[in-house]
Amino acid sequence: MSFVNYKGYTRELALKRVGAGWAPLIHRIFDTLENIKGTVKIVQVKEKFGTMRFSLKPWTDALTALVAQAADRSHTLCEVWGAPGTLSETGWLSVRCEEHANDPSEPS
């Protein structure tokens, strides 16, 4: 039987920590975690240097690959609404599509 330790971040809390454009990445990680055996604690979910960071305990090779894949994907998705985007290196690092490229507001 699978069990995810939600004493850390819940899916809902994780979704509040990043922009709506990265919601599919969060859902994919949580859906995968719900289908594994053992206990996993979601320690942290955030945006850092323009990409999504997701920290878990314990780390396994499979979980490391899952999180790395989501981080890599976040590097190409507009955090505001999920369209293809690029990393803006002017000011605060963020991934934005053309429409949101000049939008300095937080993506949530």
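The following exercises, each with a worked solution, concern a predicted model of a protein.

Residues are numbered from 1 along each chain as its sequence is written. In this predicted model, local features need pLDDT of at least 70, side-chain atom pairs count only at pLDDT 80 or more, and totals for chains, interfaces and linings use all residues, while side-chain values use heavy atoms, with hydrogens and water left out.

**Exercise 1. Overview**

Determine how many helices and strands the protein has, and in what order they run.

Solution. Begin with the definition: helices (H or I, at least four residues) and strands (E, at least two) are DSSP runs, numbered from the N terminus. By this rule the protein has three helices and four strands. Next, read the elements from the N terminus on, which gives the order α-α-β-β-α-β-β. Finally, consider confidence: pLDDT is the predictor's confidence in each residue, from 0 to 100. The protein averages a pLDDT of 85, and 87% of the residues score at least 70. Among the elements, H2 has the highest mean pLDDT (94) and strand E3 (residues 86–88) the lowest (88).

**Exercise 2. Helix H2**

Identify the buried residues of helix H2 and explain why they line one face of the helix.

Solution. Buried means under 20% relative accessible area (1.4 Å probe, protein chains only). In helix H2 (residues 23–33), the residues that meet this condition are Ala23, Leu25, Ile26, Ile29, Phe30 and Leu33. Seen down the axis of H2, these buried residues fall within an arc of 165°, so they line one face of the helix; the arc is that of the directions from the helix axis to the C-beta atoms. As a last step, find the partners: the buried residues of H2 pack against helix H1 (11–17), strand E1 (41–48), strand E2 (51–57) and helix H3 (61–74).

**Exercise 3. The nonpolar core**

State how many residues the largest nonpolar core has, and which element gives the most to this core.

Solution. A nonpolar core is a set of buried Ala, Val, Leu, Ile, Met, Phe, Trp, Tyr and Cys residues joined through side-chain atoms within 4.5 Å. The largest such core has 21 residues, and those with the most contacts inside it are Ile26, Ile42, Val45, Met52, Phe54 and Leu56. The elements that give two or more residues to this core are H2, E1, E2 and H3. Of these, H2 gives the most, with five residues.

**Exercise 4. The hairpin and Phe54**

Describe how E1 and E2 are joined, and list the contacts of Phe54.

Solution. Two strands pair if DSSP finds at least two bridges between them. E1 and E2 run antiparallel and are joined by seven bridges. Their hairpin has two residues between the strands, and Phe49 takes a positive phi near 55° there. Within the pair, Val45 stands opposite Phe54 in E2. Contact means heavy atoms within 4.5 Å. Leaving aside neighbours within four places in sequence, Phe54 is in contact with Ile26, Ile29, Phe30, Ile42, Gln44, Val45, Trp59 and Val67.

**Exercise 5. Two single residues**

Decide whether Leu63 and Ser94 are buried or exposed, and list what each touches.

Solution. Leu63 has its place in helix H3. With a relative accessible area of 7%, Leu63 is buried. Not counting residues up to four places away in sequence, Leu63 touches Leu33, Ile36, Val40, Leu56 and Pro58. Ser94 lies in strand E4 (residues 94–96) and is buried, with a relative accessible area of 9%. Under the same sequence limit of four places, Ser94 touches Gly50, Thr86, Leu87 and Ser88.

How values were computed
Buried < 20%, exposed > 50% of the residue type's maximum accessible area, 1.4 Å probe, protein only.
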